[in-house]
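Here is a short report on pockets and strands. Have the sequence and the model open as you read.

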Amino acid sequence: MVITIAFGKGGSCKTTTAAALVNYAKSKGKTVLAVDCDPQGNFTFALNGDATAPGLHSVLIDGMAAADAVQSTEQADLIAAGLDLAAAETAIANRPGRDFILRKAIEPLRNKYDYIVLDTQPDLNSIIINALTAADAVLLPIQANSFSMMGLYQMQTTISQVQQYCNPDLTIAGIVLTKYKPRQTLAKDLRDSIAEQAQEMGTHLFDTYIRETTAVEQAQAMQQSLFEYAPRSTAAQDYAALFHEMKI
């Protein structure tokens with residue numbers, strides 16, 4: 001199964017969510033491939049990957065076989081992002097079939113892995129369109145604030161266009177609240193609004209929410225799996241619950 005983690009706004013914990021799902025799946029004996037589609041390379045760093053090795057740019061632009069770009073770390077198999085990935089947007093802009101490059105590239109790897117998890121950048125460009133076109137499902141992590149509501153409307157439009165023109169089988173796995181503070185009145189009110197918007201999008205807001213904790217940042221700084229660094233942390237508990245609620 002190919003899962004893209006996406007949201008058209010920074011700070012929504014996309015990379016944190018992608019890494020946590022990769023880590024948890026692997027802890028349960030699943031085979032997982034992580035694909036970093038963000039030129040900032042935070043997913044690559046979090047998984048202790050080598051950003052200087054041939055990565056997604058080589059796959060998208062140079063025609064390298066995706067299997068040849070896979071590097072193995074203690075946390076997962078990974079197709080890394082490097083700073084050269086920023087140039088890929090311009091390089092593929094006028095290519096025929098530009099939105100299907102990533103989908104075709106990772107197709108041969110589908111049978112090798114139980115899960116392929118793609119982390120994306122917040123900018124809505126050709127790279128994220130490729131990531132959505134390649135996916136079976138997209139997971140939307142957001143924070144309960146008014147700016148995220150605006151981002152959710154933008155994602156609805158983007159996903160609808162991808163479903164119409166590139167990937168009619170793409171489903172929205174759901175929306176998950178991150179850095180959520182359940183005792184905060186505004187957060188509770190916005191949770192209701194987000195749940196309503198989710199219904200309009202033909203999906204749902206997960207019952208599981210991810211509580212804010214320093215354990216996540218500490219694990220990432222140490223380039224370790226959250227489930228090894230802080231297995232009893234609230235975030236580890238929440239992401240484990242999310243994985244099971246997703247039923248993937």
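The lining of the second largest pocket divides into two nonpolar, seven polar and three charged residues. The model is predicted. This pocket holds about 200 Å³ of space. Its lining includes Asn23, Lys26 and Ser27. Leu47, Asn48, Glu74 and Gln75 also line it. So do Gln223, Gln224, Ser225, Phe227 and Glu228. Two elements, α1 and α10 (226-229), each give two or more residues to this lining. The largest share, three residues, comes from α1.

Helix α1 also takes part in the largest pocket. That pocket has a volume of about 410 Å³. It is lined by 24 residues, and the closest to its centre are Cys13, Lys14, Thr15, Thr16 and Gln220. Three elements give two or more residues to its lining: α1 (14-27), α2 (42-46) and α9 (214-221).

The table sets out both pockets.

| Pocket | Volume | Nonpolar | Polar | Charged |
|---|---|---|---|---|
| Largest pocket | about 410 Å³ | seven residues | 11 residues | six residues |
| Second largest pocket | about 200 Å³ | two residues | seven residues | three residues |

Now turn to the strands. Strand β6 (residues 137-142) and β7 run parallel, joined by six bridges. Which residue of β7 is the bridge partner of Ile142? The partner is Leu177. Is strand β7 (residues 171-177) mostly covered or mostly uncovered? Strand β7 is mostly covered, with five of its seven residues buried. Helix α7 (residues 146-165) joins the picture here: β6, α7 and β7 make a right-handed β-α-β unit.

Note on methods. Residues numbered from 1 in each chain as written. Predicted model: local features only at pLDDT ≥ 70, side-chain atom pairs only at ≥ 80, totals over all residues. Heavy atoms only, no water. 1 Å grid on protein atoms, 1.4 Å probe; cavity = no way out; pocket = protein on both sides within 12 Å on 5 of 7 lines; lining within 4 Å. Points joined across faces, edges and corners; volume = space filled by probe spheres on them. Helix = DSSP H or I, 4+ residues; strand = E, 2+ residues; numbered from the N terminus. Nonpolar A, V, L, I, M, F, W, Y, C, P; charged D, E, K, R; others polar. Buried < 20%, exposed > 50% of the residue type's maximum accessible area, 1.4 Å probe, protein only. Pairing = 2+ DSSP bridges. Right-handed = clockwise from strand over helix to strand, strands pointing away.
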